[in-house]
Amino acid sequence: MASSITSSFHTCNLQSVFLGERSGLSVSSVPVNRVGFLKKTIECKESRIGKQPIEVPKNVTITLEGQDLKVKGPLGELALNYPREVKVEREEDGILRVRKAVETRRANQMHGLFRTLTDNMVVGVSKGFEKRLQLVGVGYRAMLEGKDLVLSLGFSHPVRMTVPDGIQVKVEDNTRIVVGGYDKSAIGQFAASIRKWRPPEPYKGKGVKYADEIIRRKEGKAGKKK
């Protein structure tokens with residue numbers, strides 16, 4: 001079958017050349033030796049969050065050594081190591097700025113992320129953060145015993161959790177828990193571990209939820225009509 005296709009192809013070429021000679025037209029062929037590709041340079045836009053300056057309060061001490069930053073304030077001390085895609089600079093008026101060291105897509109992503117992390121460090125050691133949780137359900141309650149947080153969440157035994165160093169926990173009215181400290185990531189992780197024991201269910205809303213969390217309710221199964 002391949003030979004028949006090849007012979008028909010040559011026949012068509014011969015016919016086209018013959019017809020060109022008879023009609024007085026010249027048939028020319030242009031050889032294609034090289035195929036070119038156009039390269040388009042991708043320009044990474046500067047992050048809207050990353051380009052914002054970070055104001056440092058007077059009660060916060062900044063120590064910058066290469067890609068390592070240490071922040072010390074009245075509530076504690078935090079440190080952060082920056083990747084090679086970004087760099088942090090301190091201006092004369094004490095303002096910190098996070099800039100991109102290279103023009104790549106990853107550098108654009110790291111720019112906004114590490115600017116946010118740096119700002120959280122400065123705010124954390126000076127003012128602190130807190131996360132509030134609420135227990136919803138009959139018999140659900142919380143209490144503090146030394147450095148342990150004890151939760152009654154409907155299990156056959158109470159749940160006992162050790163509070164990590166650098167985090168303060170308060171219990172209000174046995175149903176509201178306040179997790180505070182200077183490390184925002186540690187606060188969020190510990191609050192998430194509390195909520196994980198009994199996530200709120202969508203029918204009655206029972207469980208452990210964040211104070212500002214909105215639970216989307218579902219309708220229960222309707223009984224059969226008589």
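Half of the picture here is long-range: residues 24 or more positions apart make up 50% of the contacts (heavy atoms within 4.5 Å) in the protein chain that have a separation of 6 or more. The model is a predicted one, with local features needing pLDDT of at least 70, side-chain atom pairs counting only at pLDDT 80 or more, and totals for chains, interfaces and linings using all residues. Residues are numbered from 1 along each chain as its sequence is written, and side-chain values use heavy atoms, with hydrogens and water left out.

The protein chain has 3 helices and 12 strands; these are DSSP runs, numbered from the N terminus, with helices being H or I of at least four residues and strands being E of at least two. Of its 226 residues, 29% are buried, where buried means under 20% relative accessible area, exposed means over 50%, and partly exposed lies in between (1.4 Å probe, protein chains only). The accessible surface of the protein chain is about 16,800 Å², and carbon and sulfur atoms own 52% of that. Such areas come from the Shrake-Rupley method with a 1.4 Å probe, and for residues only the protein chains shown count as cover.

One open sheet has 3 strands in the order β1-β2-β3, paired antiparallel; strands pair if DSSP finds at least two bridges between them. β1 and β3 (77–81) sit at the edges with a single partner strand each, so one side of each has no neighbour in the sheet. On average, neighbouring strands of this sheet are turned by 15° against each other, direction ignored. Angles run from 0 to 180 degrees between N-to-C directions, and axes are lines fitted to C-alpha atoms, for helices over the stretch in contact. Helix α2 (residues 105–126) packs on this sheet, where it touches β2 and β3, and its direction makes about 170° with that of β3.

Zooming in, β1 (residues 61–65) and β2 (residues 68–72) are joined by 5 bridges. Across from I62 is V71 in β2, while L64 faces L69 in β2. The hairpin of these two strands leaves 2 residues between them, and G66 there has a positive phi near 65°.

Another open sheet is built from 4 strands, ordered β10-β11-β6-β12 with antiparallel pairing. Here β10 (167–172) and β12 (207–210) are the edge strands, each with a single partner, so one side of each lacks a neighbour in the sheet. Its neighbouring strands are turned by 25° against each other on average, again ignoring direction. β10 and β11 (residues 176–181) share 6 bridges and run antiparallel, with V171 partnered by I177 in β11.

Helix α3 (residues 184–196) lies across β6 (129–136), β10, β11 and β12, and runs at about 5° to β6. The 13 residues of α3 should span 18 Å at 1.5 Å a residue (1.5 Å times one less than the number of residues), which agrees with end C-alpha atoms 18 Å apart. The buried residues of α3 are I187, F190, A191 and I194. They cover an arc of only 100° around the axis, which puts them on the same side of α3; the arc is that of the directions from the helix axis to the C-beta atoms. Their cover includes β6, β8 (148–152), β9 (159–162), β10, β11 and β12. Turned away from that buried side, the other face of α3 carries the exposed residues S185, Q189 and K196.
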